[in-house]
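User: I should like to go through this structure in a series of questions. Please reason briefly in each reply and close on the item requested.

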Amino acid sequence: MLIRSSTEILPSEITPEGIWLNRRQIMTGAAALGLAAALPAQAAGELVYRPSPLSAKDDKNSFEQITQYNNYYEFGTGKDDPARAAHTLKTRPWSIVIEGECDKPRTFSIEELLKIAPLEERIYRLRCVEGWSMVIPWVGFSLSELIKRVNPTSKAKYVELISLADKEQMPGVGRQVLDWPYTEGLRMDEAMHPLTIMAVGLYGKVLPNQNGAPIRLVVPWKYGFKSAKSIVKIRLTEKQPQTSWNKAGPSEYGFYSNVNPTVDHPRWSQATERRIGEVFKRKTLMFNGYGDQVAGMYKGMDLKKLF
Ligand SMILES: Nc1nc2c(c(=O)[nH]1)N[C@H]1C(S)=C(S)[C@@H](COP(=O)(O)O)O[C@H]1N2
Ligand SMILES: [Mo]
């Protein structure tokens, strides 16, 4: 008999588009044997996904680097706190409530979310506002796929994303380091942009707790803190929502938080960054190198004022 942990994906949660097999399955020859042969691999927490042309060509950081050096203040402010402490996060049952300016507000279970659209691998650069970066092979789907399903009204101008805040599971929530729950926000066009994803996995596997299991936002042209983890609520709003980091330091963390080497943080330069695992610093790229795809959304805006 198969014994499953609560974080594993059930075969019934996998999209029927079983033709998209990951590289490992192809390499092991499982593909040649058909979907039935691939199922035991999925039961062990493997996701079925297809590659995406939106992936970066950069060398990926290792699974070890991506899962042992984290910011997840609900589990402590040290980089190694989340990997050590996030095992207490319960990722099943899980659901996301979508409410606010939409015709069809509703709750999506994690099982429904995993089937919203075929999963894709998105290799993205992540630039933390602290001055380091990584390249992470996420598995997820476009946030637009989810927002479309609730029929936003014409008043829906912004999207507020809210993380879980449960003292029982999250030791850091007992400390006043941020105004919990961790809250982030995007303008509607940013939320609907094809690069903006909800990630459910990385390196082909179910998302580790410390990376924001079971489902988190990833917005690759913005500083890492916009990419809220372990999301439980999404609210469509007419007014620009408040965000936890903006409340904590309004002069340091603006609403837009686009990666911008020409706008320094008041306490340090943003011109360069250190890719985790590398010795020499790199020049930080405008919009984290995604300018061709996203710069149009900010035409005519003063990005020094709207940082
Ligand atoms: N809920 C929540 N989301 C969060 C954070 C957090 O502390 N709490 N930290 C942010 C920051 S500062 C960064 S750089 C990224 C890090 O994501 P990773 O650990 O998966 O690399 O998560 C972001 N999302
Ligand atoms: Mo960050």
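User: Which residues form one aromatic cluster together with Tyr158?

Analyst: This is a predicted model, and ring pairs are assigned from its coordinates by a centre-to-centre limit of 6.5 Å. On that basis Tyr158 belongs to one aromatic cluster, and the other members are Phe255, Tyr256, Phe287 and Tyr298.

User: What is the geometry of the aromatic pair formed by Tyr72 and Phe75, and how many degrees lie between the planes?

Analyst: The search of the whole structure returns twelve aromatic pairs. One of them joins Tyr72 and Phe75, with 4.9 Å from centre to centre. Planes over 60 degrees apart count as edge-to-face, and this pair is edge-to-face with an angle of 85 degrees.

User: Are Tyr72 and Phe75 buried or exposed?

Analyst: The term buried applies under 20% relative accessible area. Tyr72 and Phe75 both fall in that class: buried.

User: Why does Cys128 count as buried?

Analyst: The limit for a buried residue is 20% relative accessible area. Cys102 counts as buried because its relative accessibility is 9%. Cys128 likewise counts as buried, because its relative accessibility is 6%.

User: How many disulfides does the structure hold?

Analyst: A disulfide would require two cysteine sulfur atoms within 2.5 Å. The number of disulfides in the structure is zero.

User: What percentage of the accessible area of ligand 1 does the protein cover?

Analyst: Around ligand 1 there are 17 residues, and those that come nearest are Asn70, Tyr73, Glu74, Ser227 and Lys229. A nitrogen atom of ligand 1 is 3.2 Å from a polar backbone atom of Asn71, while side-chain N or O atoms of Asn211 and Arg216 each lie 2.9 Å from an oxygen atom of the ligand. On its own, ligand 1 has 530 Å² of accessible area, of which the protein covers 98%.

User: Over which residues is the pLDDT below 50?

Analyst: The protein chain has an average pLDDT of 91, and 86% of the residues score at least 70. One stretch scores below 50, although it has 59 contacts in the model beyond near neighbours in sequence. Where pLDDT is low, predicted coordinates should not be read in detail. The stretch concerned is residues 1-32.

Definitions and conventions:
Residues are numbered from 1 along each chain as its sequence is written. Chains are lettered from A and ligands numbered from 1 in the order in which they are written. This is a predicted model: local features need pLDDT of at least 70, side-chain atom pairs count only at pLDDT 80 or more; totals for chains, interfaces and linings use all residues. Side-chain values use heavy atoms; hydrogens and water are left out. pLDDT is the predictor's confidence in each residue, from 0 to 100. Contact means heavy atoms within 4.5 Å. Buried means under 20% relative accessible area, exposed over 50%, partly exposed in between (1.4 Å probe, protein chains only). A residue is near a molecule or strand if one of its heavy atoms lies within 4 Å of it. A polar contact is a pair of N or O atoms within 3.5 Å; within protein, one must be able to donate a hydrogen and the other to accept it, and residues adjacent in sequence count only if both atoms are side-chain atoms. Accessible areas come from the Shrake-Rupley method with a 1.4 Å probe; for residues, only the protein chains shown count as cover. Rings of Phe, Tyr and Trp (its six-membered ring) pair if their centres lie within 6.5 Å; planes under 30 degrees apart count as stacked, over 60 as edge-to-face and the rest as tilted.
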